Amino acid sequence: MKKLLQLIFGDWRNTASIAGCVALAAGIERMLPAAGGWVLVPALLLAAWWQAAA
């Protein structure tokens, strides 16, 4: 659990990308309830790629 929290809240990029992904999925879920999870997974993968590239 400690490693998971460190991964999410390690620095400002991690926190911002996770918050952005959750906000995006929540916004999509309000319009299309079944699509929230389908949006969250690719958004998290994109955020992980962004963090690794920077």
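Ser-17 counts as buried, because its relative accessibility is 8%, and the cut-off for buried is under 20%. This residue sits in helix H2, which runs over residues 12-31. The model is a predicted one.

**Ser-17 and its partners**

Which residues does Ser-17 contact, leaving aside neighbours within four places in sequence? They are Ala-47, Trp-50 and Gln-51. Trp-50 is found in helix H3. Ala-47 and Gln-51 are among the buried residues of H3.

**The chain as a whole**

The protein chain has three helices and zero strands. Along the sequence the pattern reads α-α-α. Of the 54 residues in the chain, 19% are buried. The accessible surface is about 4300 Å². Carbon and sulfur atoms account for 75% of that surface.

**Two helices, checked by length**

The expected spans use 1.5 Å a residue, taken over one less than the number of residues. Both helices in the table can be tested this way.

| Helix | Residues in helix | Expected span | Distance between end C-alpha atoms |
|---|---|---|---|
| H2 | 20 residues | 28 Å | 29 Å |
| H3 | 18 residues | 26 Å | 26 Å |

For H2, the distance between the end C-alpha atoms agrees with the expected span. The values for H3 agree as well.

**H2: one buried side**

In H2, the residues Arg-13, Asn-14, Ser-17, Cys-21 and Ala-25 are buried. They cover an arc of only 105° around the axis, so they lie on the same side of H2. An α-helix has 3.6 residues a turn, so residues three or four places apart point the same way. What does the other side of H2 carry? Trp-12 and Arg-30 are exposed there.

Arg-13 deserves a separate look. This H2 residue has a relative accessibility of 19% and counts as buried, because the limit is under 20%. The C-alpha atoms of Arg-13 and Ala-47 are separated by 9.1 Å. Along the chain, these two residues are 34 residues apart.

**H3: buried face and exposed face**

H3 covers residues 36-53. Gly-36, Ala-43, Ala-47 and Gln-51 are its buried residues. Seen down the axis of H3, they fall within an arc of 75°, so they line one face of the helix. What do the buried residues of H3 pack against? Their packing partner is H2.

The face of H3 turned away from the buried side carries exposed residues. These are Trp-38, Val-41, Leu-45, Leu-46, Trp-49, Ala-52 and Ala-53.

**Trp-50: buried, exposed or in between?**

Trp-50 is partly exposed, because its relative accessible area is 38%, and partly exposed lies between the 20% and 50% cut-offs. Not counting residues up to four places away in sequence, Trp-50 touches Arg-13 and Ser-17. Arg-13 belongs to H2, and so does Ser-17. The C-alpha atoms of Trp-50 and Arg-13 are separated by 9.1 Å. Those two residues are 37 residues apart along the chain.

**The nonpolar patch**

Trp-50 also takes part in a nonpolar surface patch. Which other residues make up this patch? Trp-12, Leu-46 and Trp-49 join Trp-50 in forming it. The patch area is about 560 Å². Helix H3 gives the most to the patch, with three residues. Trp-12 is among the exposed residues on the other side of H2 from the buried ones. Leu-46 and Trp-49 are on the exposed face of H3. Trp-50 thus has two roles in this picture: it contacts Arg-13 and Ser-17, and, with a relative accessible area of 38%, it is partly exposed.

How values were computed:
Residues numbered from 1 in each chain as written. Predicted model: local features only at pLDDT ≥ 70, side-chain atom pairs only at ≥ 80, totals over all residues. Heavy atoms only, no water. Helix = DSSP H or I, 4+ residues; strand = E, 2+ residues; numbered from the N terminus. Buried < 20%, exposed > 50% of the residue type's maximum accessible area, 1.4 Å probe, protein only. Contact = heavy atoms within 4.5 Å. Patch = residues over 30% accessible without salt bridge, like charges linked within 9 Å, V, L, I, M, F, W, Y side chains within 5 Å. Areas by Shrake-Rupley, 256 points an atom, 1.4 Å probe, with all protein chains shown as cover. Salt bridge = Lys/Arg side-chain N within 4 Å of Asp/Glu carboxyl O. Arc of directions from axis to C-beta.
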